[in-house]
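Subject: Structure handover

Hello,

Here is the structure I promised to pass on. Please open it alongside this note, and my findings follow below.

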Amino acid sequence: MNCREFRRKHDAYIDDTLSGVDLEAMALHRSLCAACAQLDTRVRRSLLVAHNLPIIQPSAAFSERLQARLASERLLMQAGHAQADLSVDRWRPLSLGTYAALAAGVLAVAGLAGAVTVVGSRNQTIRLAPVVASIPEPMPSLMTNPAMVASMPAGMPLWPAVFVAQQAPYHFASDALGSDFVGH
């Protein structure tokens, strides 16, 4: 278990809704990882504080005062909507100056983008140290040729087994005799 998985499952761990295997893995990770142990402690203490807070009860007249306040706010909103309906402005097209300012802004942004692109596109040659091969690459195993690997996820369980059984003598012979033996 890693820290990311611990944090992802932590809520279920606290609620004790994980399986037994996951509970043991979470407990083991908590005992090995100081950061996750601190997280668990902080969350559990916060929950303990929240559970021990006193229950807040509104006063007896709270409901009546709330309903009266809501009614007065509704009246104010209705009066405001009626007044706003009388002074509705129609949409007017933008002035020529506004269009000119918008066009200038678009051109400025395009120019800045072009300047940044030109500055960042210098041709630099990357030079790496030469690589010298000292050991030849091993021959690929006959057990993992592309036909067999491609057939595995295709749902054909019998064909790969037959193929492996046919190729096994060549594979074992090439391993026993070294990489000089090539046979098909």
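Start with helices α1 and α2, which lie oblique to each other. Their axes are 10 Å apart and the packing angle is about 120°. An angle over 115 but not over 145 degrees counts as oblique, so the label fits. One caution before going on: this is a predicted model.

**α1 against α2**

In sequence, α2 covers residues 20–32. The crossing of α1 and α2 is left-handed. On the α1 side, the contact uses Cys 3, Phe 6, Lys 9, His 10 and Tyr 13. On the α2 side, look for Asp 22, Leu 23, Met 26, Ala 27, His 29 and Arg 30. By type, this contact has six nonpolar residues, two polar and three charged.

**α1 against α3**

Helix α1 spans residues 3–15, and helix α3 spans residues 34–51. Their axes come within 11 Å and cross at roughly 25°. Angles under 35 degrees count as roughly parallel. α1 and α3 are therefore roughly parallel to each other. This crossing is right-handed. From α1, the contact takes Cys 3, Phe 6, Arg 7, His 10, Tyr 13 and Ile 14. From α3 come Cys 36, Leu 39, Asp 40, Val 43, Arg 44 and Leu 47. The split here is eight nonpolar, one polar and three charged.

Some α1 residues serve both contacts. Phe 6 is among those that meet α2, and Phe 6 also takes part in the contact with α3. Tyr 13 likewise belongs to the α2 contact and to the α3 contact.

**The loop after α1**

Which residue other than glycine has a positive phi near 60°? That is Asp 16. Most residues other than glycine have a negative phi. Asp 16 sits in the loop between α1 and α2. Is Asp 16 buried or exposed? Asp 16 is exposed, with a relative accessible area of 54%.

**The whole chain**

How many helices and strands does the protein chain have? There are seven helices and zero strands. Along the sequence, the pattern reads α-α-α-α-α-α-α. The chain has 184 residues, and 12% of them count as buried. About 15,800 Å² of the chain is exposed, with 64% of that supplied by carbon and sulfur atoms. Take the contacts with a separation of 6 or more: 45% of them join residues 24 or more positions apart.

Over to you.

Conventions
Residues numbered from 1 in each chain as written. Predicted model: local features only at pLDDT ≥ 70, side-chain atom pairs only at ≥ 80, totals over all residues. Heavy atoms only, no water. Axes fitted to C-alpha atoms, helices over the stretch in contact; angles between N-to-C directions. Helix = DSSP H or I, 4+ residues; strand = E, 2+ residues; numbered from the N terminus. Parallel < 35°, antiparallel > 145°, perpendicular 65-115°, else oblique. Left-handed = near helix turned anticlockwise from the far one by under 90°. Contact = heavy atoms within 4.5 Å. Nonpolar A, V, L, I, M, F, W, Y, C, P; charged D, E, K, R; others polar. Buried < 20%, exposed > 50% of the residue type's maximum accessible area, 1.4 Å probe, protein only. Areas by Shrake-Rupley, 256 points an atom, 1.4 Å probe, with all protein chains shown as cover.
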